[in-house]
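Here is a note for a colleague who is meeting this structure for the first time. Please read it with the model open beside the text.

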Amino acid sequence: MYQTEIKGDRLYHAQSSGYGQPVETFGQTQDGETPMSLVNIALASCVTMCIQGYFAKHHQLTELPITVESHYENNKFTLLLRMDDALTEEMKSALLTYINDNCRVKQLLRQDLDYQISFAEKKEP
């Protein structure tokens, strides 16, 4: 079970209490995180953890540097995944399948949202 309590003290301001440190949210991005930016953070974090889980399960790797950039606009999430190692097309396909099957945040979001998940090309040294 997941739970939290949110307290609002003024217009467009709320603070959570639940697990870990409190999270403050605002109504405008220039003031800090908004509820929508937290959804974006949740999706990118879940995708990151899915990839880490895939490599731990299938390759026994428990340390894996990865960066996921996530953008949301007009009912579309665009995610760009960056990893240190170059990936084959087969590996990319396996990772996308694993994300689709295991990302609980993605599974909670509306079914009509569009997701474009791509991998950044590995830069040659």
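The points below go from the overall layout to the two sheets, the helices and the largest pocket.

1. Basis of the note. This is a predicted model, in which local features need pLDDT of at least 70 and side-chain atom pairs count only at pLDDT 80 or more, while totals for chains, interfaces and linings use all residues. Residues are numbered from 1 along each chain as its sequence is written, and side-chain values use heavy atoms, with hydrogens and water left out.

2. Overall layout. The protein has three helices and six strands, where helices (H or I, at least four residues) and strands (E, at least two) are DSSP runs numbered from the N terminus. Their order along the sequence is β-β-β-α-β-β-α-α-β, and the C-alpha trace spans about 50 × 35 × 30 Å along its principal axes.

3. The sheet of strands 1, 2 and 3. These three strands form an open, antiparallel sheet in the order 1-2-3, two strands being counted as paired if DSSP finds at least two bridges between them. Strand 1 and strand 3 are the edge strands, each pairing on one side only, and the twist from one strand to the next averages 25°; angles here run from 0 to 180 degrees between N-to-C directions, and axes are lines fitted to C-alpha atoms, for helices over the stretch in contact.

4. Pairing within that sheet. Strand 1 (residues 5–10) is joined to strand 2 by five bridges, with Ile6 opposite Ser16, and the hairpin of these strands has two residues between them, Tyr12 in the turn having a positive phi of about 60°. Strand 2 is joined to strand 3 (residues 24–26) by three bridges, where Ala14 has Thr25 as its bridge partner; in this hairpin six residues lie between the strands, and Gly20 in the turn has a positive phi of about 70°.

5. The sheet of strands 4, 5 and 6. This open sheet has three strands in the order 4-5-6, with mixed pairing. Strand 4 (66–73) and strand 6 (114–119) each have a single partner strand and stand at the edges, so one side of each has no neighbour in the sheet. The twist averages 15° from one strand to the next.

6. Where the mixed pairing comes from. Strand 4 and strand 5 run antiparallel and are joined by eight bridges, with Thr67 opposite Arg82; their hairpin has two residues between the strands, and Asn74 takes a positive phi near 50°. Strand 5 (residues 76–83) and strand 6, by contrast, run parallel and are joined by six bridges, Phe77 having Tyr115 as its bridge partner.

7. Helices on the sheet. Helix 1 packs on this sheet, touching strand 4, strand 5 and strand 6, and its direction makes about 145° with that of strand 4; contact means heavy atoms within 4.5 Å. Helix 2 lies across strand 5 and strand 6, running at about 145° to strand 6.

8. Helix against helix. The axes of helix 1 and helix 2 (residues 89–102) come within 9 Å and cross at roughly 115°. Among the residues that make the contact are Val47, Cys50 and Ile51 of helix 1 and Met91, Ala94 and Leu95 of helix 2. By class, this contact has ten nonpolar, four polar and one charged residues, where Ala, Val, Leu, Ile, Met, Phe, Trp, Tyr, Cys and Pro count as nonpolar, Asp, Glu, Lys and Arg as charged, and the others, Gly among them, as polar.

9. The largest pocket. About 870 Å³ of space lies in the largest pocket, and of the 21 residues that line this pocket, Tyr2, Thr4, Tyr19, Leu38 and Ala42 are the closest to its centre. A pocket is an open set of points, on a 1 Å grid over the protein atoms alone, where a 1.4 Å probe fits, with protein on both sides within 12 Å along at least five of seven lines, and lining residues have an atom within 4 Å of a point. Grid points are joined across faces, edges and corners, and the volume is the space filled by probe spheres set on the points.

10. The pocket lining. Strand 2 (13–17), helix 1 (35–59) and helix 3 (104–108) each supply at least two residues of the lining of the largest pocket. The lining residues divide into twelve nonpolar, eight polar and one charged.
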